[in-house]
Amino acid sequence: MESYEYIDLSPSEYYVLHPRPVYLIVVVKPEGGLNVMAASWVTPISGEPPLVALAIGKDALTNELLMTRREFTINIVGEEYINEVYRAGSMSGKSIDKWSMLGFKEVKSMKINAPGIKNSYGFLECAVRSTHDAGESTLFIAEVLGVHVRKDLYGRYGWNYGKARILLHDRGRAFVLPGRKVFAEKLM
Ligand SMILES: Cc1cc2nc3c(=O)[nH]c(=O)nc-3n(C[C@H](O)[C@H](O)[C@H](O)COP(=O)(O)O)c2cc1C
């Protein structure tokens, strides 16, 4: 059996946990209008009830908005959105109307006021259930109230990866695309 050597990195290199899927989070602003931010620290955490967790930086406008509006959509996007994702993740809605700048259009949600992004691969309607202090971030735990996926990209076996080029974030300007679906051996 081969024996591989390891390189020791500092704890600040937690980025080795990437790549992670990156999503666009949409929240309604109190004065009307929408804010959009990129987030890759987003994960499912419970099936019953369906809960997701998001770590959102305390400096982000999205953090402020989520504390008060308490509803948002998680938008799934692919390769064709790479520049929009990078911009939504590099500028704050505190100083620019990113929604208009990026030219996004809305798709109405069924249960909440925050809309999805038109032509995104899909979106989840979510309502914040609790918040937790987590260093420079707040961990938002939210219930999923609705899920919508594009008909042309989703089928009986889930995402069609030939068409749905779901974007993963590596670091900085670097992103990764899923290659191909592979299957583990069946259990006996
Ligand atoms: C690909 C990518 C992923 C990101 N993921 C997160 C994340 O999970 N949590 C976070 O707080 N910031 C994340 N950021 C940074 C925020 O998107 C960035 O701070 C943004 O300007 C916040 O926008 P807002 O102030 O309009 O809410 C990410 C940035 C990029 C480019």
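Two strands are taken to pair if DSSP finds at least two bridges between them. In this predicted model, that criterion applies to the hairpin of β13 and β14, where the bridge partner of R171 in β14 is A174.

**The three-stranded sheet**

Strand β13 (residues 168-171) and strand β14 (residues 174-176) are joined by three bridges and run antiparallel. Two residues lie between the strands of this hairpin, and G172 takes a positive phi near 55 degrees there. Strand β13 also pairs with strand β1 (residues 20-21), again in the antiparallel sense, through two bridges. In that pairing, P21 has L168 of β13 as its bridge partner. The outcome is an open sheet of three strands in the order β1-β13-β14, with antiparallel pairing. Because β1 and β14 stand at the edges and each has a single partner strand, one side of each is left without a neighbour in the sheet.

**The seven-stranded sheet**

A further open sheet consists of seven strands, ordered β3-β2-β6-β9-β10-β5-β4, and its pairing is antiparallel. Its edges are occupied by β3 and β4 (42-46); each has a single partner strand, so one side of each lacks a neighbour in the sheet. From one strand to the next, the twist averages 35 degrees. Within this sheet, β5 and strand β10 (residues 137-149) pair in the antiparallel sense over seven bridges, and V52 has A142 in β10 as its bridge partner.

The strand pairs described with their bridge counts are set out below.

| Strand pair | Bridges | Sense |
|---|---|---|
| β5 and β10 (residues 137-149) | seven bridges | antiparallel |
| β1 (residues 20-21) and β13 (residues 168-171) | two bridges | antiparallel |
| β13 and β14 (residues 174-176) | three bridges | antiparallel |

Helix α1 lies across β2 (23-28), β3, β5, β6 (71-76), β9 (122-134) and β10, and runs at about 50 degrees to β2.

**The nonpolar core**

In soluble globular proteins, nonpolar side chains tend to be buried together. The largest nonpolar core of this model holds 36 residues, of which Y23, L24, I25, V26, V36, A39 and V85 touch the most other members. Two or more residues of this core come from each of β2, β3, β5, α1, β6, α2, β9 and β10. When its neighbours within four places in sequence are left aside, I25 is in contact with V36, M37, A39, T62, F72 and I74.

Residue F140 lies in strand β10. A residue counts as buried if 20 or more other C-beta atoms lie within 10 Å of its own; F140 has 25 such atoms within 10 Å and is therefore buried. Apart from neighbours within four places in sequence, the contacts of F140 are A53, L54, I56, L66, V128 and T131. The C-alpha atoms of F140 and S12 are separated by 22 Å, the two residues being 128 residues apart along the chain.

**The surroundings of the ligand**

There are 23 residues around the ligand, and W41, T62, G89, S92 and G93 come nearest. By class, the residues of this shell comprise twelve nonpolar, ten polar and one charged. At least two residues of the shell are supplied by each of β3 (34-39), β5 (51-57), α1 (61-69) and α2 (82-88). The largest share, four residues, comes from β3. T62, one of the residues that come nearest to the ligand, is also among the contacts of I25.

Methods:
Residues are numbered from 1 along each chain as its sequence is written. This is a predicted model: local features need pLDDT of at least 70, side-chain atom pairs count only at pLDDT 80 or more; totals for chains, interfaces and linings use all residues. A residue is near a molecule or strand if its C-beta atom, placed from the backbone, lies within 6 Å of it. Ala, Val, Leu, Ile, Met, Phe, Trp, Tyr, Cys and Pro count as nonpolar, Asp, Glu, Lys and Arg as charged, and the others, Gly among them, as polar. Axes are lines fitted to C-alpha atoms, for helices over the stretch in contact, and angles run from 0 to 180 degrees between N-to-C directions. Two residues are in contact if their C-beta atoms, placed from the backbone, lie within 7 Å. A nonpolar core is a set of buried Ala, Val, Leu, Ile, Met, Phe, Trp, Tyr and Cys residues joined through C-beta atoms within 7 Å. A residue is buried if 20 or more other C-beta atoms lie within 10 Å of its own, exposed if 12 or fewer, and partly exposed in between; C-beta atoms are placed from the backbone.
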